[in-house]
Amino acid sequence: MANPLADCVSSLRSSNHLLASSISILDSGVNDFPRLIKVLQTTRHFELLPTSALQTAQADLLASITPEIESLLSRVETYLDRLARREQALIARYELLEGRLSMSGDDGEAMRRSAAGPGRKSMAGDGEGGREALRLKQMRAKKERLAYAVERLALQAQQRERQLRLSVAAQ
């Protein structure tokens, strides 16, 4: 009877030895768990979002930016309209001044020649002829002033018509 028990004891000893070695292996593995936890821990570098959340965020951003963009665009349009009107006014003023210079260049030279020429002495010498020449000179100056005023008023009327057309077109 000792034989069958000896086999049993030897099997139990080998199982005990196998169990002890398994425990030591598990113990060495369990002792490394804190390090393994840090090694195996996942770090999220990029967070993935569902498409619906992304679309709602885009819609919110669009809703908050759209009024600002429209406001800025309207301000730019009004500023550009103002610059266009100013440009037209400057062009009209340039044309007006250019016309005045060309008129004063032609008529002014003739008046200067007549004022500096021999007619001036006769104006001082002749009482009635001098008065007539002075009156003629004053009438010419008045005519030039009136022509200038008419031209200026015509250009202002054109400019106001342009402004009216621009304001009607803007509405």
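These are my notebook entries on what I looked up in a predicted model of a protein.

**Entry 1, overall make-up**

I began with the secondary structure, and I found 5 helices and 0 strands in the protein. Reading from the N terminus on, I wrote the order of elements down as α-α-α-α-α. I then asked how much of the chain is buried, and of the 171 residues of the protein 4% count as buried. For the surface I noted that the protein exposes about 15300 Å², and that carbon and sulfur atoms supply 60% of this area.

**Entry 2, confidence**

Before going on to single residues I looked up the confidence, and the mean pLDDT of the protein is 80, with 84% of its residues reaching 70 or more. Where is confidence lowest, and where is it highest? The lowest value belongs to helix α4 (residues 119–125), which has a mean of 47, whereas the highest belongs to α1, with 87. Over residues 119–125 the pLDDT is below 50, and I noted that this stretch has 5 contacts in the model beyond near neighbours in sequence.

**Entry 3, a nonpolar patch**

Next I searched the surface for nonpolar side chains that group together, and I found a patch of about 410 Å² that is made by Leu26, Val30, Phe33 and Ile37. Which helices supply the patch with at least two residues each? They are α1 (2–31) and α2 (33–40). I picked out Val30, which lies in helix α1, and looked up how much of this residue is open to the surface. Val30 has a relative accessible area of 43%, and because partly exposed covers the range between 20% and 50%, I entered Val30 as partly exposed.

**Entry 4, a salt bridge**

I then turned to charged side chains, and the structure holds 1 salt bridge. In this salt bridge the side chains of Arg165 and Glu161 meet, at 3.9 Å from N to O. How many residues apart are Arg165 and Glu161 in helix α5? They are 4 residues apart in helix α5 (residues 127–170), so about one helical turn separates Arg165 and Glu161. I also compared both partners with the cut-off for exposed, which is over 50%. Arg165 has 53% relative accessibility and therefore counts as exposed, while Glu161, with a relative accessible area of 46%, is partly exposed.

**Entry 5, Arg152 and Leu96**

Last, I looked up another residue of helix α5, Arg152, which counts as partly exposed at 32% relative accessibility. I wanted to know what separates Arg152 from Leu96, both along the sequence and in space. In sequence, Arg152 and Leu96 are 56 residues apart, and from C-alpha to C-alpha they are 7.0 Å apart in space.

How values were computed. Residues are numbered from 1 along each chain as its sequence is written. Side-chain values use heavy atoms; hydrogens and water are left out. Buried means under 20% relative accessible area, exposed over 50%, partly exposed in between (1.4 Å probe, protein chains only). Accessible areas come from the Shrake-Rupley method with a 1.4 Å probe; for residues, only the protein chains shown count as cover. Patches are made of residues with over 30% relative accessible area and no salt bridge: like charges are joined within 9 Å, nonpolar side chains (Val, Leu, Ile, Met, Phe, Trp, Tyr) within 5 Å. pLDDT is the predictor's confidence in each residue, from 0 to 100. Contact means heavy atoms within 4.5 Å.
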